[in-house]
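Here is a quick tour of a protein model, written for someone who likes to know the cut-offs behind the words. Have the viewer open as you read.

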Amino acid sequence: MSEHDAPIVSLRDVHVRFGRGASVRAVDGVDLEVRRGEVLALVGESGCGKTTLIRSIIGLEPVASGSIEVDGHAVTRDARSLRRLRRRVQMIFQDPTGALDPRHTIHEAVAEGLRIHRVPGDEAALVADALARAGLRPPERYVRRFPHELSGGQRQRVLIAAAMALDPAVLLADEPVASLDASIRGEVLALMRSFVDDHGVSIVAVTHDLGLAWNIADRVAVMYLGRIVEVGPTEEVLAAPQHPYTRALLSVVPETRRLEQQILHGETPDPSRIPAGCRFHPRCPVVASGEAARLGIEARCRGEDPTLTERAPGHTAACHL
Ligand code: SF4
């Protein structure tokens, strides 16, 4: 594998635990790779561990076991390596209002990272260039303003500009458009996509919205109770989902109503009480309908934890079916 083909982020059997006696298994054995120059959508219900997972990539959550590498360097708690990591990997959050200091001008908001990382060059020019690349043109119109003078979409563009000013290799985006009006979501997603196509950055976009995945992602990884249960090219995962959980998620997306709608029954998933066997079995429609029993796999569903196996080239799913 040439250096260029090597994944930019690679996670091996990553576990992140919280709570008393580390009883909450928020991330519970994740293997995942992010390729250079791709958008990977990480999809799942809230509480499935997807935000914790991306926070662990940037060193914000200590990993209980397993390993994470970014661009060939292990993510550790060592201050020097964290400093390097936090320039190479930038994160943008769901709520641009909360992420911007209301007392700082837009110039300050973008310049802060440049100062922290001692980026050489003319600060005003670097800030202006970053704002223009994020679609805030002409930048002189924005630099002296304060966050409350901008719209939600413009504020999210400021955060994207601040992240991209550092020329990162990876952008982690936590529900990047969830707080924005539907009318401007497409523009912000197109902007993010342009950074991938024009600058070769890789993006991991955490979302509960499969429509977002459909719009910008090259690949989709579906997460359930701390584990990736399906991953593959977007079109394949959305057109031919292999895992019953992915099928259930898709069945409630309006564009995919040709799938019979599946309401998931059973308890809400609780990462402090992960079921034995397949972690999805208490809610799995294949088990509930009796199909698993007819196919002779029900005992395995209840007793054996499935691993990701290949269903088509580059498309894997963790299910005994
Ligand atoms: Fe459902 Fe069994 Fe597949 Fe789990 S392994 S998703 S319980 S069919």
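What follows goes from the overall fold to the strands, then to some aromatic rings and a histidine.

## Ground rules

This is a predicted model, so to speak of local features takes pLDDT of at least 70 and side-chain atom pairs count only at pLDDT 80 or more, while totals for chains, interfaces and linings use all residues. Residues are numbered from 1 along each chain as its sequence is written, and side-chain values use heavy atoms, with hydrogens and water left out.

## Overall build

The protein has 13 helices and twelve strands; these are DSSP runs numbered from the N terminus, with helices being H or I of at least four residues and strands being E of at least two. The C-alpha trace spans about 70 × 45 × 40 Å along its principal axes. The radius of gyration is 21 Å, which agrees with the value near 20 Å for a compact globule of 321 residues. Here the radius is taken over C-alpha atoms, and the globule rule is 2.2 Å times the number of residues to the power 0.38.

Of the 321 residues, 49% count as buried, where buried means under 20% relative accessible area, exposed means over 50%, and partly exposed is in between (1.4 Å probe, protein chains only). About 15100 Å² is exposed, and carbon and sulfur atoms supply 49% of that area; the areas come from the Shrake-Rupley method with a 1.4 Å probe, and for residues only the protein chains shown count as cover. Take the contacts (heavy atoms within 4.5 Å) between residues at least 6 apart in sequence: 63% of them join residues at least 24 apart.

## Strands and sheets

One open sheet has four strands in the order β2-β1-β4-β5, with antiparallel pairing. Its edge strands, β2 (24–34) and β5 (73–74), each pair on one side only. Two strands pair if DSSP finds at least two bridges between them. Between β1 (residues 9–18) and β2 there are eight bridges, and the two run antiparallel. V9 sits opposite V34 in β2.

Elsewhere, β6 pairs with β7 (residues 170–174) in the parallel sense, over four bridges. Q90 has L171 in β7 as its bridge partner. From β6 (residues 89–92), V89 and M91 point one way and Q90 and I92 the other, yet all are buried.

## Aromatic rings

Three aromatic pairs turn up in a search of the whole structure. Rings of Phe, Tyr and Trp (its six-membered ring) pair if their centres lie within 6.5 Å; planes under 30 degrees apart are stacked, over 60 edge-to-face, and the rest tilted. Y224 and F280 make an edge-to-face pair, 5.0 Å centre to centre with 80° between the planes. Because Y224 is in strand β9 (residues 219–224) and F280 in the loop between α10 (244–251) and α11 (285–288), the pair ties together parts 56 residues apart in sequence.

Y224 is buried at 3% relative accessible area, and F280 is buried at 1%. Y224, Y245 and F280 form one aromatic cluster.

## A histidine after β12

H320 is found in the segment after β12 (315–317) and is buried, at 13% relative accessible area. Which backbone oxygen does the H320 side chain reach at 2.7 Å? That of E304; the H320 side chain also reaches the backbone oxygen of R300 at 3.4 Å.

Leaving aside neighbours within four places in sequence, H320 is in contact with I297, R300, C301, E304, D305 and P306.

Key. Polar contact = N/O pair within 3.5 Å; in protein donor to acceptor, adjacent residues only side chain to side chain.
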